[in-house]
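Hello,

Here is the structure I promised to pass on to you. Have a look at it first, and my notes on the side-chain contacts follow below.

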Amino acid sequence: MKTVLVVEDNKDNLQIITYALRRSGYEVIAAGSGEEGVKLAISKRPFFVVMDIDLPGIDGVEATRQIRASEIDGSIPIVAITSYAMLGDRERIMAAGCNGYFEKPFDPLTIVAQIHKVIGLLP
Amino acid sequence: MKRDRSAALPSCSPLRIVLAYMILGALWIIFSDVLMGNLVPDQFLESASIAKGWIFIAVTALLLHLFIRRRLVVMAQTTAEARENEALFRSLFEQAAVGVAQVDIATGLFVRINRRYCDIVGYSPYEMESLDIRTITHPDDLAEDKENMRRLAAGEIREFSVEKRYLRKDGEVVWVILTVSLLYDSAGRPAWYIAVVENITERKRAEDALRKSETNFRQAQEIARLGSWIYEFSDQVSWSDETYRIYGVSRETFNLNVESFISLIHPEDRPAMQAWIKGCAAGEKPGELEFRAIWPDGAIRYISGRGELIQEPEGQLAHMAGTAMDITERKLAEEKTRQAMREMTVLNSLARQLAADISQDRILDASLAGITEIIHPDMVFIFIRNGEELELLRSGPGGSPLQHDIMPLHHVGDCLCGLAASSGEPVYSANILTDPLCTRDECKKAGVRSFAALPLLVENQVLGVIGMASKTGVDFERQGSFLEAYSGEIALGLKNALLVKEVMNHAVELEKEVTERKKAEEELRGYRDQLEVLVEERTRELEEAKQALMNIVEDLNLKTEELAVVNERLKEVDRLKSLFIASMSHELRTPLNSVIGFSSILLNEWIGPVNDEQKQSLTSIQRSGKHLLSLVNDVIDVSKIEAGMIEVDRGDFDLAELLEELEQTFAREVQDRQLVLTVQKLHLVMSTDRRRLLQCLLNLVSNAVKFTEQGGVKVAVSHDAEHGEVTFSVTDTGIGIRIEDQAQLFEAFSRIRSHISSKVLGTGLGLYLSKKIIIEILHGTISVISEAGSGSTFTMIIPCRVEGESKYRSQPHENSAGSGRQQG
């Protein structure tokens, strides 16, 4: 069973995405902050990471950078979820090393499929 | 007693003394024998006789001693005296200031000679001893010497005294007075010469000097022409040699006394002289007297005499002494100088006049006057040159007794004046009667003898000629330098006058020009004045305009400042807007995510089964959530667009895919409401903001479906390749829009009242936003055709390609940020 790391501090959102991922057969580990997310990403080496941008402490962009910086061989796919949609946000997120970018609110029914598409996976 | 006896015979001859002794001795012998016989007893007779003998000897010895002593004393005295005398003599001899020598007549050698003599002749006494007197005599005096000596020796003369020269040892000549006398020997025969010499070299030298000085004095007098005289009041006059010469008479022939002296003086000056003499004699010091003397040959000489009364120191009769000097030359020189001064003055005054004067007439008059004053000619002519002619313009002096008919015209080169003009050189003639150069007769007829013609020359240009004539043959050439200078001045003056005339002519012409020019200037001035007035007005207007401009500029500046402030504020507002949008975006969406997400999850029975009633409720929740979300999205979109924060998210996509998606979105609803939705498909790669295009199409189709109760919605798509545009038409068969409502259609928050609008959820932002998106982002246009009750057709015309950078950087993975957003 593949593990997916979800870095999200909002309980509801975490719940929703977890439902969707479980439904698709993934095991979900959660991090409530950017730092925790980085640690877990490095230690657990999940199949991919769902990174909320709006986090306390270091935000998702920075966390993404740190994860990327720590990777020596192979990189974990990271998709960002954000409710921000300002100018330049997209660039920042992609520049940090995210594979993709989704805006909230997302459809829980289709989100996993969309993630698979972004990271080049077929379900 | 015996002494007395000896003393009593001082100057006796030896014979007498011896006789006296013998007598006395005899007496003694006789008487002593007698006495002895009488007195002395016989026993003693022998001894007495011996004693007597001894006594006799003792007395004799004593007498002898006394006598000898006496003699000796006398001798000593005599010797002493003799020595004294000798010493005295020697001293005199030696110390004499004169040289004394004793010469042996026979040998001619010096026997005795004193130091002075030696000094005089320069030989030492030792040398003198062997010297012959003749050797030290100057050869020239030798003869006389010999003669004198002979006469002396012969007894013809007792002594002689001559001045003669000795030759010193060192070769110098000394002058001496030699006095020679004879010295007789005891026999009364001349045995020696006694020569006394006195060194008179100094005296001789003094005499020479005096003579020389006298000669110098005489010479000096001669050179200075200064003679001296002495007049003693015994009517005796004595003159120095020079004085005789001054008066032209000779010492030998002229009998000099006061009368004869006076006769030498010019008659006119005699009274003055006599007065002068009187004054001198009276002790006055009348100083210098100048007078004339007439030489025997009639020549007049100028004499300057000085004199003084000389008082003898012992109060003897005084006499007059003085000098006389021939000052004839000086007088002549003075006269010459005076003449030169006069000439100078005349020249100067003429020059001054000429410098001040520019009139030819006055110049000629002044020239004439000047010449007459200095030269005193009998006739003067001034010609002015006119080409090859000399025109006589002046002749003078006025009132000349000489008549002359001088032709007013001479040719240049003709006669003396003409020659001067042609050659440019002065021409002098001592006698025109004999001068071949004088070719005309008028002067000769007038009795003229000497003539001078001088050209009036300026810078090698002959302006005229000045001629002067003298009846008495005055030598004009002698004053040539003055005449030439004078004529030069005249020439200059004439030249000036000529120049001035030319200048005057020019001046007259100039005046005419000037008058005309003045007129022109007057006109110009008039124009200029007018111009000035205009210019002033314009300037004033300009000033006002400028002032206004300045005010405007000031206002502008103020406004600009205000604007800057406002700008700042606006920027601030923008910033706040962004902040608002960002936070709104986040804050509003987050709960909606929960609503929509959970309701969806529940609805799909992910968490457990759901019954139909529950499903309905959940559906409601979901629908509301989605609706709310679409409202929020629209609001945020509008905010973004209003804030200018929207950019074209350009990407290439297939239009057909987009249209497919469009159709699929409404498929369910249309089916439920039994409407027909037709979406035309067109394969075309468009390069624009896909999401926004879809958004607008969704909005239009959504409205179409909303307001259609029956029938259907048709979406037509056409591509205009030429203009690069795609036209989308959404036609519905709905209720249509009233004409009066169409104006507000695209405005924000306008909801059109209709029987449907209350049933249908709407934000009032849809069309407003769509229009904004189409225009601002897609760079297209939107329009509507509608009529109430007959449906509507909304038409969008969108360019296939829009400018604007794609905001994505290429990623290794799929980079489309799939929109998870649900549209309402």
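A:Y26 and A:F48 are both buried. This is a predicted model, so please read every value here as computed from its coordinates. The search turned up 15 aromatic pairs over all chains. In the pair made by A:Y26 and A:F48, the ring centres are 5.4 Å apart and the planes stand at 80 degrees, so this is an edge-to-face pair. A:Y26 sits in the loop between α1 (11-23) and β2 (27-31) of chain A, while A:F48 belongs to strand β3 (residues 48-52) of chain A, so the contact ties together parts 22 residues apart in sequence.

For a contrasting geometry, go to chain B. The ring centres of B:W239 and B:Y247 are 4.9 Å apart with their planes at 15 degrees, and planes under 30 degrees apart count as stacked, so this pair is stacked. Both B:W239 and B:Y247 are buried. They also belong to one aromatic cluster, whose other members are B:Y244, B:F254 and B:F261.

Two rings have a lysine over them. In chain A, the charged end of A:K2 sits over the ring of A:F47, 4.5 Å from its centre. In chain B, B:K204 lies over the face of B:W175, at 4.5 Å from the ring centre.

Next, the charged pairs. Side chains of opposite charge can pair when their charged atoms come close. Over all chains, the whole structure holds 52 salt bridges. Here are three of them, all from chain B:

- B:R165 and B:D141 meet at 3.1 Å, N to O. The bridge links distant parts of the chain, with B:R165 in strand β3 (residues 159-167) of chain B and B:D141 in helix α6 (residues 139-154) of chain B, 24 residues apart. Both B:R165 and B:D141 are buried.
- B:R690 and B:E661 meet at 3.0 Å, N to O. B:R690 is in helix α18 (residues 690-706) of chain B and B:E661 in helix α17 (residues 655-673) of chain B, so this bridge ties together parts that are 29 residues apart in sequence. B:R690 is partly exposed, at 24% relative accessible area, and B:E661 is partly exposed too, at 35%.
- B:R673 and B:E669 meet at 3.8 Å, N to O. These two are four residues apart in helix α17 of chain B, so about one helical turn separates them. B:R673 has a relative accessible area of 31%, which makes this residue partly exposed. B:E669 is likewise partly exposed, with 35% relative accessibility.

Salt bridges also join up into a network in chain B, linking B:E290, B:R330, B:K331, B:E334, B:E335, B:R338 and B:R342. One member of that network, B:R342, has B:E373 at 8.9 Å in space, C-alpha to C-alpha, although the two are 31 residues apart in sequence. B:E373 lies in helix α12 (residues 360-375) of chain B. With 51% relative accessibility, B:E373 counts as exposed, because the cut-off is over 50%.

How many disulfides are there over all chains? The count comes to zero. As for individual cysteines, B:C696 is buried, with a relative accessible area of 1%. B:C800 is buried as well, at 8%.

Last, the surface of chain B. B:L15, B:L19, B:I23, B:L24, B:L27, B:W28, B:I29, B:I30, B:F31, B:V34 and B:I55 make a nonpolar surface patch of about 1,000 Å². Which helix gives the most to this nonpolar patch? That is helix α2 (residues 14-39) of chain B, with ten residues. Take B:L27 as an example: this leucine lies in helix α2 of chain B. At 37% relative accessibility B:L27 is partly exposed, and patch residues need over 30%, so B:L27 clears that cut-off.

If you want a route through the model, you could begin with the edge-to-face pair of A:Y26 and A:F48, go on to the network around B:R338 and finish at the patch that includes B:W28.

Best wishes

Terms used
Residues numbered from 1 in each chain as written. Chains lettered and ligands numbered in written order. Predicted model: local features only at pLDDT ≥ 70, side-chain atom pairs only at ≥ 80, totals over all residues. Heavy atoms only, no water. Salt bridge = Lys/Arg side-chain N within 4 Å of Asp/Glu carboxyl O. Buried < 20%, exposed > 50% of the residue type's maximum accessible area, 1.4 Å probe, protein only. Disulfide = S-S within 2.5 Å. Patch = residues over 30% accessible without salt bridge, like charges linked within 9 Å, V, L, I, M, F, W, Y side chains within 5 Å. Areas by Shrake-Rupley, 256 points an atom, 1.4 Å probe, with all protein chains shown as cover. Phe/Tyr/Trp six-rings, centres within 6.5 Å; stacked < 30°, edge-to-face > 60°. Lys NZ or Arg CZ within 6 Å of the ring centre and 35° of its normal.
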